[in-house]
Amino acid sequence: MTAPPTRPWRRIERRLTHRFTVSMRPSLLQLLKGAAAAILTWFVCLLLFPEQLPIFGAIAALIVVQDSIDQSLTRGIERVVGVLLGVSVALGAGVIFGPQSWLFIAAIIVSMGVGWVLRMTPTSTNQVAISALLMIALGGLQLGYGFERLIETAIGAAIGVTLNALVIAPIRTSSVHAAIKSLAEHSARVLRQIADSLAEPRDTEWLTAMHAEARKLQAERERVHGLLRQARESLRLNPRSNRHKQGLAADDELFQRLQPIVTQVIGMSRAVYDLYQADLTTDPAVIGMVEEMRRAAHDLERLAGAGSAEVSHAEPAALTTPYTILRPHPEHWVLIGSLMEDLRRVRGRITGELD
């Protein structure tokens, strides 16, 4: 019994929901740190400026607490610069146009123009506009009020960065090694499937599934790229970074060896998918190549299990010598030659000869 088709509005609802949700909930500790930074900023600013509610400082503290200290520092600088320019825009617009009811519109237009002229990011430009609007709405056009809000923002940013750095600064290296190992194992499985396609005749459906599996390697490689980038960012300016740098460097080295291997494996899959013929399985050169591909898959799994720093001291590789074809097939020589060159490069990356 088949399930009823998904209603269109359900699909639209899922797409809209995914625009502002994530697959995994953010760390509760990060949320608590953001709240703590805002509350602490609120009371500190009230001690310095008891006449005004420290909205600017609380906003800065909330914005600054990010997933990494490096991002926190960037957001803090961005917020302080945004408030400085926003206050300047509000004061300048007030001097030029006076206390008009449409001063908000002028402040928005000028803020966007300032951001464009200075080549600021859209987020930074929005910071300028929001700061100008808050300045006009809450404090009018007094220079002293603007200066106090700038100091308040700097205090909130400083508290947010400091709290994020000192209270269990987040480290994003734990998932990197597992993701790289998974990428290597996935590449080895695809390589075995390519060997299987040459070991016995396969139909179009099987080849299509094999090639689709190979194409997934590209998305998986991009995911590892993102995880490595997050891990590097989490270690910048982090007081706990020293104990994690060596492990991340080893993972990065292993990933650099895997990247060209993934490219070759995807290319081999594409070549087989495009040029496959059933009588390939009877060619003596292909029969020998199947065994070499399976050995390469074995060594690829071994490389992922041992890690780049240990691979030279582990058990000997199965692919010990290059495979040689003395006479190319008159009909299949393009595919066989392509596979042989890709296999040579895979072998060179595994053994380190092409590093």
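Let me start with R149, which is buried, its relative accessible area being 0%, and I should say at once that we are looking at a predicted model. What does R149 pair with? One partner is E152, whose side chain meets that of R149 in a salt bridge at 2.8 Å from N to O. Both residues sit in helix α7, which covers residues 143-166, and they are three residues apart, about one turn of the helix. E152 also counts as buried, because its relative accessibility is 0% and the cut-off for that class is under 20%.

R149 has a salt bridge with E148 as well, and there the closest N and O atoms are 3.7 Å apart. For E148 the relative accessibility is 25%, so this residue counts as partly exposed. Taken together, E148, R149 and E152 are linked in a network of salt bridges.

For the wider context, the structure holds 13 salt bridges, and I would like to show you one from another helix. E341 forms a salt bridge with R345, with 3.0 Å between the closest N and O atoms. These two residues are four apart in helix α12, residues 333-351, which means that about one helical turn separates them. As for accessibility, E341 is partly exposed, with a relative accessible area of 28%, and R345, at 35%, counts as partly exposed too.

Now to a charged residue without such a partner, namely E220, in helix α9, which runs over residues 204-235. E220 is buried and yet has no salt bridge, and the nearest side chain of opposite charge, that of R223, is 5.8 Å away. Which side chain does E220 reach through a polar contact? It is that of H186, and the contact joining the two side chains is 2.6 Å. If we leave aside the neighbours within four places in sequence, the residues in contact with E220 are A179, S182, L183 and H186.

My next residue is L248, which has its place in helix α10, residues 242-275. Is L248 buried or exposed? L248 is buried, because its relative accessible area is 10%, and burial requires a value under 20%. Again leaving aside neighbours within four places in sequence, L248 is in contact with T173, V176, L228, A231, R232 and L235. The C-alpha atoms of L248 and R172 are separated by 9.9 Å, although the two residues lie 76 residues apart along the chain.

Finally, a word on the annotation, which I would read with some care. The UniProt record, an unreviewed entry, places the feature "transmembrane region" at residues 80-97, 103-121, 128-147 and 153-171. How much helix does the model have over residues 80-97? Over that stretch the chain is 100% helix and 0% strand, and the C-alpha atoms at its ends are 25 Å apart. Over residues 103-121 the chain is 79% helix, again with 0% strand, and here the end C-alpha atoms are 24 Å apart.

To return to where I began, R149 is buried and belongs to a salt-bridge network with E148 and E152, whereas E220, which is buried, has no salt bridge but does have a polar contact with the side chain of H186.

Key. Residues numbered from 1 in each chain as written. Predicted model: local features only at pLDDT ≥ 70, side-chain atom pairs only at ≥ 80, totals over all residues. Heavy atoms only, no water. Buried < 20%, exposed > 50% of the residue type's maximum accessible area, 1.4 Å probe, protein only. Lys, Arg positive; Asp, Glu negative; His and termini not counted. Salt bridge = Lys/Arg side-chain N within 4 Å of Asp/Glu carboxyl O. Polar contact = N/O pair within 3.5 Å; in protein donor to acceptor, adjacent residues only side chain to side chain. Contact = heavy atoms within 4.5 Å. UniProt positions renumbered as here; feature names shortened; annotations may be inferred.
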